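This briefing takes up chain symmetry, strand pairing and cysteines, in that order. Please read it alongside the sequence and the coordinates.

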There are 2 protein chains.
Amino acid sequence: MCEARLLSVCKAVPEADLARLAGTTTMIELDKGQVLIREDDPSAYLFNVTAGALKIYKLLPDGRRQVLGFLFIGDFLGFGGQTNYGFTAEALTPVQLCRFPRQRFMRLLDECPSLEHEVLGKASSELSCAQEHMVVLGRKTARERIASFLKDLSIRTERLDRSIEQIHLPMTRTDIADYLGLTTETVSRVFTEFRQQGRIRLEPDGNVHLLDPSGLEAIAEGKEPRSRERTPARK
Amino acid sequence: MCEARLLSVCKAVPEADLARLAGTTTMIELDKGQVLIREDDPSAYLFNVTAGALKIYKLLPDGRRQVLGFLFIGDFLGFGGQTNYGFTAEALTPVQLCRFPRQRFMRLLDECPSLEHEVLGKASSELSCAQEHMVVLGRKTARERIASFLKDLSIRTERLDRSIEQIHLPMTRTDIADYLGLTTETVSRVFTEFRQQGRIRLEPDGNVHLLDPSGLEAIAEGKEPRSRERTPARK
DNA sequence: CGACACCTTGACCAACGTCAAATCCGGTGG
DNA sequence: CCACCGGATTTGACGTTGGTCAAGGTGTCG
């Protein structure tokens with residue numbers, strides 16, 4: 001009977017089965033900075049975020065880090081690797097989650113097709129997000145990456161709150177850099193550039209106002225004039 | 001009753017339901033270069049590759065391209081965007097596919113939990129692949145990207161054929177570049193470097209021999225000293 | 001044999017990374 | 001209330017990886 005139920009996978013579970021789900025579910029709380037799951041650990045549990053924000057990331061042996069995404073209320077966490085987690089998850093803020101034992105949850109899927117539908121839907125939309133992010137990482141410039149990032153957060157914020165032109169960044173510049181395949185310095189420089197251009201306003205507490213959403217949108221989509229464009233040969 | 005059945009999602013369908021699935025399924029064939037689905041088109045069908053290879057990609061307005069992946073026999077294609085495709089799919093070789101009407105297929109999922117399990121499994125493992133590729137795109141050098149690419153193909157080849165140290169590249173250098181977030185020139189230069197170091201042998205028909213799998217593995221994982229070359233060139 | 005698409009190679013260059021230092025800011029303790 | 005500390009952020013100078021541009025090579029097919 002959690003408050004986030006309408007946002008979570010649980011919304012797909014009919015009343016009759018809800019008790020069974022609840023019986024095996026534990027409420028978990030984490031402080032900022034605490035690690036929820038560790039890459040390559042056996043995936044004994046699945047989770048549903050009911051409050052707060054997390055980052056998930058993978059590490060290379062030499063310490064390079066790729067942040068795969070940020071999770072907020074309603075996000076589901078755990079599918080992917082069949083037997084072991086494929087990434088580390090760490091709290092960006094104090095976090096509250098529902099924890100489901102993996103085996104039990106999987107068994108419940110058999111008996112509750114609407115739940116499996118819901119989970120498949122979550123997996124599909126995560127896959128879409130991942131594919132969109134590949135475009136960002138593979139083909140966009142630093143400015144385009146930052147603009148895409150701000151736009152994405154704005155859209156996700158919109159789905160929860162209603163304010164679309166003010167967003168909150170619970171993560172550090174380093175997290176953003178590791179998400180976008182950049183360095184903190186580059187992230188900082190682009191933020192400064194956008195600020196000086198009047199496109200955003202940065203507050204010290206991590207709030208950001210999008211003063212020029214459509215301009216950011218244009219940059220994000222690569223519709224902005226770039227110095228050199230691939231146009232039909234000029235000679 | 002297709003030959004690829006044991007590799008495809010259909011393997012999860014019990015005999016009883018198989019007729020219903022078959023009744024709505026069409027066999028599709030494409031020539032090299034033909035487009036199967038186009039980004040943003042309504043997703044009326046889902047597909048299962050039964051022969052050949054395809055690439056899937058997204059385009060930016062100015063023509064920049066990100067190849068999201070390559071599909072081979074057994075790969076499933078179509079989930080993701082709920083109502084429209086999220087990418088274009090184009091044949092790299094002559095291709096054969098099973099085509100399922102989306103609506104019908106979705107309805108069949110309700111009645112056949114093992115099929116839905118299978119699809120969810122495919123979606124999950126695609127998500128894992130996508131996340132792994134984010135690390136490649138966001139945090140690896142050109143050499144590491146190429147080494148990762150060769151290793152991935154080697155592992156996928158292993159699952160189908162048995163040869164792990166000889167792989168085939170049905171795609172062009174440009175496709176590889178657009179998959180790895182590089183340019184054709186860089187891909188070509190790294191191939192040349194690996195060839196000169198005796199790590200690979202390139203044949204004109206697209207076959208590649210991995211002469212030094214463990215060296216490539218080390219490079220792919222970023223375990224290689226970031227400095228200069230290694231091992232004497234064997235040519 | 002020639003056209004064409006693909007691939008390789010070379011010279012140059014710029015976007016972004018690296019390294020270093022200054023600044024900001026929240027928290028802590030006197 | 002204020003001085004101080006440490007981590008986060010910003011800013012600047014400079015370097016490098018990989019992109020750009022251009023030319024030439026190679027294989028295929030009609």
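The points below are grouped by topic and concern a predicted model.

**Symmetry and interface**
- Chain B can be superposed on chain A with an RMSD of 0.0 Å, by a turn of 180° combined with a shift of 0.0 Å along the axis; the two copies are thus related as by a two-fold rotation axis.
- Of the interface residues of chain B, 98% are also interface residues in chain A, so the copies meet through the same surface.

**The open sheet of chain A**
- In chain A, 4 strands come together in an open sheet whose order is E1-E8-E3-E6, and their pairing is antiparallel.
- The edges of this sheet are held by strand E1 (26-30) and strand E6 (76-77) of chain A, each of which pairs on one side only.
- Strand E3 of chain A, covering residues 45-51, pairs with strand E8 of chain A, covering residues 95-101, in the antiparallel sense and over 6 bridges.
- Val49(A) has Leu97(A), a residue of E8(A), standing opposite.

**Cysteines**
- Over all chains the count of disulfides is 0, where a disulfide would require a pair of cysteine sulfur atoms within 2.5 Å.
- For Cys129(A), the closest cysteine sulfur is that of Cys129(B), and because the two sulfur atoms are 17 Å apart, they are too far from each other for a bond.
- Cys129(A) counts as exposed, with a relative accessibility of 54%, whereas Cys112(A) is buried, with a relative accessible area of 2%.

How values were computed
Residues numbered from 1 in each chain as written. Chains lettered and ligands numbered in written order. Predicted model: local features only at pLDDT ≥ 70, side-chain atom pairs only at ≥ 80, totals over all residues. Heavy atoms only, no water. Least-squares fit on C-alpha atoms with pLDDT ≥ 70 in both. Contact = heavy atoms within 4.5 Å. Pairing = 2+ DSSP bridges. Helix = DSSP H or I, 4+ residues; strand = E, 2+ residues; numbered from the N terminus. Buried < 20%, exposed > 50% of the residue type's maximum accessible area, 1.4 Å probe, protein only.
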